[in-house]
Structure formats: C-alpha cells, structure tokens
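Here's a quick tour to go with the model on your screen. Open up the viewer and follow along, topic by topic.

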Amino acid sequence: MRRIGLKWLQPGMVLERPVYGKGGRILLDRGIALKESYIRRLADFGVTHVYVYDERVAEIIINDVVNEETRIEAAEIVKDAVDNIRFGKELKAEVIKQAVTEIIDEILNNRDALFHLSELRIAGENLFHHSVTVAIYALLTGLSINYHKEDLLKLGTGALLHDIGKSRLPEWVGPEYEAMKNHTVYGFEILRNNKGFSLLEAHVAYQHHEMFDGSGYPRQLKGRNIHEFARITAIANSYDALVTGLYDKKLLPYQAIEYITAQAGAAFDPELARVFSTNIVVYPLGSLVRLNTGDKGFVVKIPKNYPTRPVVRIIEDSLQRKYQKNCPEIDLMKELTVFIEDVIEE
Ligand SMILES: [Fe+2]
C-alpha cells in the first residue's frame, strides 16, 4: 500500500486501510474506491493522509506499533478522565492503567516490527489523541533504554496524563496565556492527591515542560534534577506538537527530528534525544520520496534504528524514465552517498 497526502488523492484510488471518524467509528472502510465527495469529506474531518492501493508497492503492508482501535480506546479514556475532573469526580486509576498496560503489551508483541505510527487525527479531539501518541513515543524510548514493565507502566501513565491539569483551566485559556503554565501544577495536584497514582506519575505532569538547560517551567529545574520520565515525556510532547502543528506550523517528521536533535543538550537531554530519534520513522513506509540523485521512489523497507536509511523502490529515475513493474531498488544502508532530499506528495 501507498501512503499519500490528501491533496494528491484522486477519484478511483482504493483505500487500503479504514479511515476513522469521531469516537472511533469507521468513516470510510478499506476497499472503498474514492469519489470526489469522499475526498472533500475526509478534508472536513481533518484527515491528512490515507493509505491506498498501488500496484508498484502492492505487497507492502503497514502495521502500526499500536493498532488504531487500541489508540482510539485510550484516547476515549483520557477524554473521560478530563470530563470527570471538570465535573469534580475522582479519576479512576485502574481504568487508565489498564489502557496503558494494553498499549505496552502491544508494543512488546510488535517489538521486532517497525515502530510505525500512522496519523490518527479526529476533528475536535486532538488533545486526547496527542496524549496517547505522547505516551506511545515515551514508551518506545523507555523500551530502548531497557525499562522493565513496572517502570514502563509508570512512564506510560504519567505520559498519558501529562496534560491532565488542563482540565482545571477554562477552555478559553489557550497556549498563549501565562495561566496555561499552571496546568503542570494542577496536573501534579490531581495525581498526587489520588491514591491510585504514584508520586512519579504526578511528577511527569509537574515537570514535562521543564527544559534540560533550566529554561522551562514551572520551577526552572535543570538536567538530572528533572526526573527521567519527565525528560522523556518532554521530548515526546514537543515532537508530536511539532508534527501536528499544535502551536505553530506543522513540520514534517524529518524536520521535527532535526529540531529535536538541534535542541539536544539545550532543551532536551542529549542521550534521550538521540534514543528518541532512532525510534521515529521519519520517512514512512509506502511514502514517495525524492533522492539527491534525482530519482523518485517509494520507501519499501526501513532498517531498525536507522530510520533515515531505507530501501527505496524507484518509480521514476533522473532521466524521467518511469517504471511500473520490476522497479529497481536502492538500499541507502549500502549506497552511502545517496540520501533522501524530500518527501513528495506529503
Ligand atoms: Fe503540557
């Protein structure tokens, strides 16, 4: 299957994966041939990419490290948690930990698979999906530095609820308000005062905006004075905010990773930033890229820990010769002078 940005979709292309709408309902199922009206509808729902059939990459199957149903379910649980707090009710720690455990189990089962996460954006519910994505990125990082399951559960729970303090702020308080910074303190209080959570989880909420060089908030903590779980969550949170355009212009994954790398040792723990970047698939499987040789092709295989050096299946070479069958392939792990210049059809 091929990954394609919405603006490149054409009527007649056939979906290879379902597209989900609000509440996790299927909006368009796999196997459906797209019509002009469907494409408009996808845009209305805030969908940015879909997966379609393409005979040149027909055998490529893209599996998420955590499947969409599990992520949607976890997002619904975060949504309920936020609603509960708004209505003055207690958070149910067991329900949240159950969701995190499910995510961890899926990641462990897919350990050898590629750490791929397809976009899962459902209009109006971004905060909740953001929380789930941050938790998954944090867990992948924790796993790479050999956390055992108990630590993964604490890290994942803290990361899933890192922004829970926002539920104590009026909805009109956007990121541009100074008062927004209080969500860290509120989150700490909410989790600390709930017997179902540990102090560590509360500290993730408290410290996820602290920066490695002391330039963060609320306490301007520095370096290892910031708990490792919070240092991990800070990177995951920033990365997802960049690629989804939460505060500013939306960046492509490789641009966001460049930012994270540039901030290693400044905003972020340098070692954790390095580990984080080995888990991010910057050029997703099935996406169309242009090489510095002028060739265009699909990413068909991504080596673990070297996400920027995939195998690329050429569909058009630098002389504009097009290939429909028996496309030549270039392995960037072997051709060391070749690199990806850009993603096409993003
Ligand atoms: Fe936050």
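Let's start with a contact: Leu-200, His-203, Val-204 and Gln-207 in helix 7 meet up with Phe-229, Ala-230 and Thr-233 in helix 8. That set of contact residues splits into four nonpolar and three polar, with no charged ones. Keep in mind that this is a predicted model. Helix 8 turns up again below, since helix 4 also packs against it.

**Domains**

- The domain assignment cuts the protein chain into domain 1 (2–53), domain 2 (68–278) and domain 3 (288–344).
- Going by C-alpha atoms, the centres of domain 1 and domain 3 are 25 Å apart.

**Helix 7 against helix 8**

- Helix 7 covers residues 199–207 and helix 8 covers residues 228–244; their axes sit 8 Å apart, at an angle of about 45°.
- Why call this pair oblique? An angle of about 45° is neither under 35 degrees nor in the 65 to 115 range, and therefore helix 7 and helix 8 count as oblique to each other.
- If you look at the handedness, helix 7 and helix 8 make a right-handed crossing.

**The loop between helix 7 and helix 8**

- Have a look at Pro-218, which is in the loop between helix 7 and helix 8.
- The peptide bond leading from Tyr-217 into Pro-218 is cis, and its omega is near 5°.
- Gln-220 belongs to the loop between helix 7 and helix 8 as well.
- Gln-220 isn't a glycine, yet its phi is positive, at about 50°.

**Helix 4 against helix 8**

- Helix 4 (residues 126–144) crosses helix 8 at roughly 130°, and the two axes come within 9 Å.
- That angle makes helix 4 oblique to helix 8.
- The crossing of helix 4 with helix 8 is right-handed.
- On the helix 4 side, the contact uses His-130, Thr-133, Val-134, Tyr-137, Ala-138, Thr-141 and Gly-142.
- Across from them, helix 8 brings in Ile-232, Thr-233, Ala-236, Asn-237, Tyr-239, Asp-240 and Thr-244.
- By type, the residues of this contact come out as six nonpolar, seven polar and one charged.
- Thr-233 is worth clicking on: this helix 8 residue is in the contact with helix 7, and it's in the contact with helix 4 too.

**The five-stranded sheet**

- How are the strands ordered? Five of them make an open, antiparallel sheet, in the order 8-7-6-5-9.
- Strand 8 (329–331) and strand 9 (340–344) are at the edges with a single partner strand each, so each has one side with no neighbour in the sheet.
- On average, neighbouring strands in this sheet are turned by 40° against each other, ignoring direction.

**Strand pairings, one by one**

- Strand 5 (residues 288–291) pairs antiparallel with strand 6 (residues 296–301) through three bridges.
- To find that pairing in the viewer, pick Leu-288, which is opposite Phe-298 in strand 6.
- Strand 6 also runs antiparallel to strand 7 (residues 311–316), and five bridges link the two.
- Here, Lys-301 has Val-311 of strand 7 as its bridge partner.
- Strand 7 goes on to pair with strand 8, again antiparallel, over three bridges.
- A handy marker for this one is Arg-313, which stands opposite Glu-329 in strand 8.

How values were computed: Residues are numbered from 1 along each chain as its sequence is written. This is a predicted model: local features need pLDDT of at least 70, side-chain atom pairs count only at pLDDT 80 or more; totals for chains, interfaces and linings use all residues. Axes are lines fitted to C-alpha atoms, for helices over the stretch in contact, and angles run from 0 to 180 degrees between N-to-C directions. Helices (H or I, at least four residues) and strands (E, at least two) are DSSP runs, numbered from the N terminus. Angles under 35 degrees count as roughly parallel, over 145 as roughly antiparallel, 65 to 115 as roughly perpendicular and the rest as oblique. A crossing is left-handed if the near helix is turned anticlockwise from the far one by less than a right angle, and right-handed if clockwise. Two residues are in contact if their C-beta atoms, placed from the backbone, lie within 7 Å. Ala, Val, Leu, Ile, Met, Phe, Trp, Tyr, Cys and Pro count as nonpolar, Asp, Glu, Lys and Arg as charged, and the others, Gly among them, as polar. Domain bounds come from an automatic or database domain assignment. Two strands pair if DSSP finds at least two bridges between them.
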